[in-house]
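Student: I'm new to this structure and would love a close look at one part of it. Could you walk me through a pair of helices that meet, and what follows them?

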Amino acid sequence: MKVVKKILLGLLLVFLVAQFFRPEKNQGDITSIDEFLADTNPPEHVKVILKESCFDCHSNVTRYPWYSQITPVNYWMADHVNHGKGEFNVTNWDGNSVKRKDHKFEELIEEVKSRKMPLESYTWAHANAKLSDKQIKAIVDWAEQVRFKYSLMPKPE
């Protein structure tokens, strides 16, 4: 019994010390999304969907819930955000070529239609981020319009 107590006390100590080590937070300026919104011109209902279901992981602006203060959860969340921004980051949108923007929207459509996005692990804690069929259609319709706009733009050779 003493060995079990020592092990539990050791684990508690490790857990407590781990709380002093935290990953860097993804806290940019909300205006960093403005270029993306201006370029893609989502209707208001799509903006709401993007804010609730996408921007936390796909921009430099993340809303952190209370449990994100707990290590190791904060590292898990940081990994999700970094991976999400690596795949599709609306914050640096203006720096992308038209070809890349079009490709990112092609991927967006594919991921949303197949219900791979938003991630199930994200919607566990953010139930309002789970997309309904109507929301999926709204996102896809908007994304297809954006892709059409990009198809009309000249592409450098």
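**A helix pair and the loop beyond**

Tutor: Happy to! Helix α6 and helix α8 cross with a left-handed turn; keep in mind that this is a predicted model. In the chain, α6 covers residues 98-113 and α8 covers residues 133-152. Their axes come within 9 Å and cross at roughly 160 degrees. An angle over 145 degrees counts as roughly antiparallel, so α6 is roughly antiparallel to α8.

Now look at who touches whom. From α6, the contact residues are Val98, Lys101, Asp102, Phe105, Glu106, Leu108, Ile109, Val112 and Lys113. From α8 come Ile136, Ile139, Val140, Trp142, Ala143, Glu144, Val146, Arg147 and Tyr150. This contact is made up of 12 nonpolar and 6 charged residues, with no polar ones.

Next, follow the chain into the loop between α6 and α7, where you will find Arg115. Arg115 has a phi near 60 degrees, a positive value in a residue other than glycine. Its relative accessible area is 47%, so Arg115 is partly exposed.

The loop between α6 and α7 also holds Pro118. Here the peptide bond from Met117 to Pro118 is cis, with omega near -5 degrees. Beyond this loop lies α7, at residues 120-125.

For a companion to that proline, turn to Pro72, in the loop between α4 and α5. The bond joining Thr71 to Pro72 is cis too, with omega near 20 degrees.

Technical notes
Residues are numbered from 1 along each chain as its sequence is written. This is a predicted model: local features need pLDDT of at least 70, side-chain atom pairs count only at pLDDT 80 or more; totals for chains, interfaces and linings use all residues. Side-chain values use heavy atoms; hydrogens and water are left out. Axes are lines fitted to C-alpha atoms, for helices over the stretch in contact, and angles run from 0 to 180 degrees between N-to-C directions. Helices (H or I, at least four residues) and strands (E, at least two) are DSSP runs, numbered from the N terminus. Angles under 35 degrees count as roughly parallel, over 145 as roughly antiparallel, 65 to 115 as roughly perpendicular and the rest as oblique. A crossing is left-handed if the near helix is turned anticlockwise from the far one by less than a right angle, and right-handed if clockwise. Contact means heavy atoms within 4.5 Å. Ala, Val, Leu, Ile, Met, Phe, Trp, Tyr, Cys and Pro count as nonpolar, Asp, Glu, Lys and Arg as charged, and the others, Gly among them, as polar. Buried means under 20% relative accessible area, exposed over 50%, partly exposed in between (1.4 Å probe, protein chains only).
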